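Dear colleague,

Please find the structure we discussed below, together with its sequence. I would be grateful if you would read the notes that follow with the model open beside them.

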Amino acid sequence: MAATASFLMGISKAGLKGLSIFNVTLMALAFGAKESTGLIIPLLLVGDVFAVVYYNRHTQWNHILKFLPWMLGGILIGVFVGKDLPEQEFKISMVIVILISLGMLIWWDKRKSNSIPTHWFFSGSIGIMAGICTMIGNLAGAFTNIFFLAMRLPKNEFVGTAAWLFLITNLFKLPFHLFVWKTISQETLLINIKLLPAILTGLFLGVVLVKKINDRNYKRFILIVTAIGAIAILFK
């Protein structure tokens with residue numbers, strides 16, 4: 001289950017966005033909701049570095065600078081909100097975030113407006129929610145996708161800008177997982193080493209797929225399976 005999550009994580013980091021909710025769901029089922037949030041960080045950083053190297057030339061820093069401060073603020077809120085949450089409440093929180101994220105993705109997919117939001121409240125509210133969700137469950141993807149889609153970024157610019165954003169925010173989260181939540185340990189790092197082949201395979205396959213695949217029906221499949229996975233967390 002964890003290897004499948006790591007493989008899909010690699011595909012997602014290589015450019016096929018929208019799989020992050022599925023990765024988190026599988027990891028939570030494999031290791032527990034709260035424990036998985038720290039265990040996954042080193043793997044995310046491997047994917048982030050790969051994506052930054054490959055897509056760096058497409059990065060749009062103006063969008064990162066507009067969004068990043070709000071997201072970092074949300075991470076700090078998430079540190080204190082999630083630190084002492086019991087496992088069951090943490091699971092429920094993750095499921096709620098997953099289902100809300102799915103709803104937002106579906107809503108955005110059906111939205112036809114071509115306008116670009118310019119008010120600070122849009123980037124601020126989405127950024128804070130992304131920060132909170134990435135800290136308590138590594139689930140910022142839906143919110144960052146909404147922001148970058150709202151900015152009407154082309155595919156490569158979307159991926160390159162998201163790559164730098166997540167590299168910075170995941171590095172920012174690292175010490176909190178090490179010293180505050182204590183969800184990263186020698187044991188979790190050994191698990192990460194075992195999962196490296198899976199994420200590397202996903203990264204290289206993702207680069208090929210992002211150039212060729214039509215993901216309309218695939219996205220629908222992921223949304224359905226992720227919703228099922230989210231509910232399954234409650235019964236683990």
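The notes below go from the overall fold to individual residues.

Please bear in mind that this is a predicted model. The mean pLDDT of the protein is 84, and 87% of the residues score at least 70. Confidence is highest in helix 4, at 95, and lowest in helix 11 (residues 216-234), where the mean is 67. Where pLDDT is low, the predicted coordinates should not be read in detail.

Overall fold

The protein contains 11 helices and 0 strands. Of its 236 residues, 52% are buried. When contacts between residues at least 6 apart in sequence are considered, 86% of them join residues at least 24 apart. The exposed surface comes to about 10900 Å², and 70% of this is supplied by carbon and sulfur atoms.

Nonpolar cores

The largest nonpolar core comprises 35 residues, and those with the most contacts inside it are Phe67, Met71, Leu139, Phe148 and Leu165. Two or more residues each come from helix 2 (20-31), helix 5 (61-82), helix 6 (87-110), helix 7 (120-137), helix 8 (141-150) and helix 9 (155-180). Helix 5 contributes the most to this core, with 6 residues. A second core lies apart from it and has 31 residues, including Met27, Ile41, Ile184 and Leu195.

Leu139 is a useful residue to display in the viewer. Beyond its neighbours within four places in sequence, Leu139 is in contact with Ile21, Val24, Met94, Val97, Ile98, Ser101, Cys133 and Thr134.

Asn138

Asn138 sits in the loop between helix 7 and helix 8. Its relative accessibility is 9%, so Asn138 counts as buried, the cut-off being under 20%. Through its side chain, Asn138 makes a polar contact with the side chain of Lys173, at 2.7 Å. Residues up to four places away in sequence aside, Asn138 touches Val24, Ser36, Thr37, Ile40, Ile41, Leu44, Cys133 and Lys173. Val24 and Cys133 thus appear among the contacts of Leu139 and also among those of Asn138.

The salt bridge

How many salt bridges does a search of the whole structure find? The search finds 1. It is formed by Asp48 and Lys13, with their closest N and O atoms 2.6 Å apart. Asp48 belongs to helix 4 (residues 41-55) and Lys13 to helix 1 (residues 2-13), so the pair ties together parts that are 35 residues apart in sequence. Side chains of opposite charge can pair when their charged atoms come close.

Are the two partners buried or exposed? Asp48 counts as buried because its relative accessibility is 1%. Lys13 also counts as buried, at 9% relative accessibility.

Lys182

A last residue to inspect is Lys182, which is found in the loop between helix 9 and helix 10 (186-212). Although Lys182 is not a glycine, it has a positive phi of about 55°. With a relative accessible area of 62%, Lys182 is exposed, whereas Asn138 is buried.

In summary, the points to look at in the viewer are the core of 35 residues, the separate core of 31 residues, the salt bridge between Asp48 and Lys13, the polar contact between Asn138 and Lys173, and the positive phi of Lys182.

With kind regards

Technical notes:
Residues are numbered from 1 along each chain as its sequence is written. This is a predicted model: local features need pLDDT of at least 70, side-chain atom pairs count only at pLDDT 80 or more; totals for chains, interfaces and linings use all residues. Side-chain values use heavy atoms; hydrogens and water are left out. A nonpolar core is a set of buried Ala, Val, Leu, Ile, Met, Phe, Trp, Tyr and Cys residues joined through side-chain atoms within 4.5 Å. Buried means under 20% relative accessible area, exposed over 50%, partly exposed in between (1.4 Å probe, protein chains only). Helices (H or I, at least four residues) and strands (E, at least two) are DSSP runs, numbered from the N terminus. Contact means heavy atoms within 4.5 Å. A salt bridge is a side-chain nitrogen of Lys or Arg within 4 Å of a carboxyl oxygen of Asp or Glu. A polar contact is a pair of N or O atoms within 3.5 Å; within protein, one must be able to donate a hydrogen and the other to accept it, and residues adjacent in sequence count only if both atoms are side-chain atoms. pLDDT is the predictor's confidence in each residue, from 0 to 100. Accessible areas come from the Shrake-Rupley method with a 1.4 Å probe; for residues, only the protein chains shown count as cover.
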